[in-house]
Amino acid sequence: MNSRAEELKAFDRLLTIMDELREQCPWDKKQTMETLRHLTIEETYELGDAILDNDLEEVKKELGDVLLHMVFYAKIGREKGAFDIADVCNSICEKLIHRHPHIYGDVKVKNEEDVKRNWENLKLKEGKNSVLEGVPKSLPALVKANRIQEKVAGVGFDWEEPNQVWEKVEEELNEFKAEVDSGNQDAMESEFGDVIFSMVNYARFLNINPENALERTNKKFSKRFQYLESKAKSMNKPLKDMTLAEMDVFWEEAKSL
């Protein structure tokens, strides 16, 4: 591993390259915070994929892409006279010190839950009107549900035991089933949302990240279906011409791989 001096040298190299690209590259010169935004989101998702795949080499590469975007935004901020990379670093340093009084002050904590409660209470003291202000509006719904629940739990609005949450899941499932039986589409959608929200809450009590769990299932399903497709192709038989029983044979094979 590199020394701290080598790490700082590498970061300085990146800043220098960013300066050069901004001055000399036609594409880089044209970019704004707005044009970079969707690219940053894409890079973040690619990093998330690499993490779920446990591909550390790819994680390293994707972290580099994300870091480049952070440096790019700071460069544009400097050009606008608003902030630079030092301001960005110092700002997060000050926030971390302020939000960790159990490390940099005399506050005592017993566990991780105490830390999270202190964090949310400090944010309210900083002028936030709601603990939910820190949840981005543009987050995907599943991720947002999880963050909302984490936020309110941080100030004590939470269930006490996992079995209480499971009872809520069962209650929501029964309400959803009742609306399915009634055929009311709007009510069905509303109750289905309640089912998902309660399942996300239960996952939190089991220390399961629902977004990661669902994406793992997406990847697993895709891998098995692609195996099925490859088998059909080797038989020169379109999937649409295969029976479900025929497809199920290859699906079971894929599950054993």
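Helix α4 opens this account: its 24 residues should span 34 Å at 1.5 Å a residue, and the end C-alpha atoms lie 35 Å apart, which agrees. Here the expected span is 1.5 Å times one less than the number of residues, and helices are DSSP runs (H or I, at least four residues) numbered from the N terminus. The model is a predicted one, in which local features need pLDDT of at least 70 and side-chain atom pairs count only at pLDDT 80 or more, while totals for chains, interfaces and linings use all residues. Residues are numbered from 1 along each chain as its sequence is written, and side-chain values use heavy atoms, with hydrogens and water left out.

The buried residues of α4 are Val 59, Glu 62, Val 66, His 69, Val 71, Phe 72, Tyr 73, Ala 74, Lys 75, Ile 76 and Gly 77. Buried stands for under 20% relative accessible area, exposed for over 50%, and partly exposed for values in between (1.4 Å probe, protein chains only). These buried residues of α4 pack against α1 (4-24), α2 (26-30), α3 (33-52) and α5; contact, throughout, means heavy atoms within 4.5 Å. Leu 56, also found in α4, counts as exposed, at 64% relative accessibility. The C-alpha atom of Leu 56 is separated by 24 Å from that of Leu 15, and the two residues are 41 apart along the chain. Just after α4, Gly 81 takes a positive phi of about 75°.

Attention can now move along the chain to α7. For its 14 residues, 20 Å is the span to be expected at 1.5 Å a residue, and the end C-alpha atoms are indeed 20 Å apart. Asp 114, Glu 120, Leu 122 and Lys 123 are the buried residues of α7, and their cover includes α5 (85-99), α6 (101-104) and α8.

Helix α8 (residues 141-153) has 13 residues and reaches 18 Å from its first C-alpha to its last, close to the 18 Å expected at 1.5 Å a residue. Its buried residues are Ala 145, Asn 146, Gln 149, Lys 151, Val 152 and Ala 153, and they pack against α7 (112-125), α10 (185-205) and α11 (210-234).

The pairing of α8 with α10 deserves a fuller description. Two packed helices are described by the angle between their axes and the distance between the axes. The axes of α8 and α10 come within 10 Å and cross at roughly 60°; they are lines fitted to C-alpha atoms, for helices over the stretch in contact, with angles running from 0 to 180 degrees between N-to-C directions. The two helices are therefore oblique to each other, given that angles under 35 degrees count as roughly parallel, over 145 as roughly antiparallel, 65 to 115 as roughly perpendicular and the rest as oblique. α8 passes α10 in a right-handed crossing (the near helix is turned clockwise from the far one by less than a right angle; anticlockwise would be left-handed). In this contact, Leu 142, Ala 145, Asn 146, Gln 149, Glu 150 and Ala 153 of α8 meet Ile 196, Phe 197, Val 200, Asn 201 and Arg 204 of α10. These residues divide into 6 nonpolar, 3 polar and 2 charged, where Ala, Val, Leu, Ile, Met, Phe, Trp, Tyr, Cys and Pro count as nonpolar, Asp, Glu, Lys and Arg as charged, and the others, Gly among them, as polar.

Phe 197 in α10 offers a handy landmark. With a relative accessible area of 37%, Phe 197 is partly exposed. Leaving aside neighbours within four places in sequence, Phe 197 is in contact with Ala 145 and Gln 149. Between the C-alpha atoms of Phe 197 and Glu 43, 154 residues apart along the chain, the separation is 27 Å.

Helix α10 also meets helix α9 (residues 162-182): their axes come within 9 Å and cross at roughly 165°. α9 and α10 are therefore roughly antiparallel to each other, and α9 passes α10 in a left-handed crossing. By class, this contact has 14 nonpolar, 2 polar and 6 charged residues. Among those taking part are Trp 166 and Phe 176 in α9 and Phe 192 and Tyr 202 in α10.

Finally, α11 and helix α12 (residues 244-256) pack at an angle of about 130°, with their axes 9 Å apart. That makes α11 oblique to α12, and the crossing is right-handed. The contact of α11 with α12 has 8 nonpolar, no polar and 4 charged residues, including Phe 221 and Arg 224 in α11 and Trp 251 and Glu 253 in α12.
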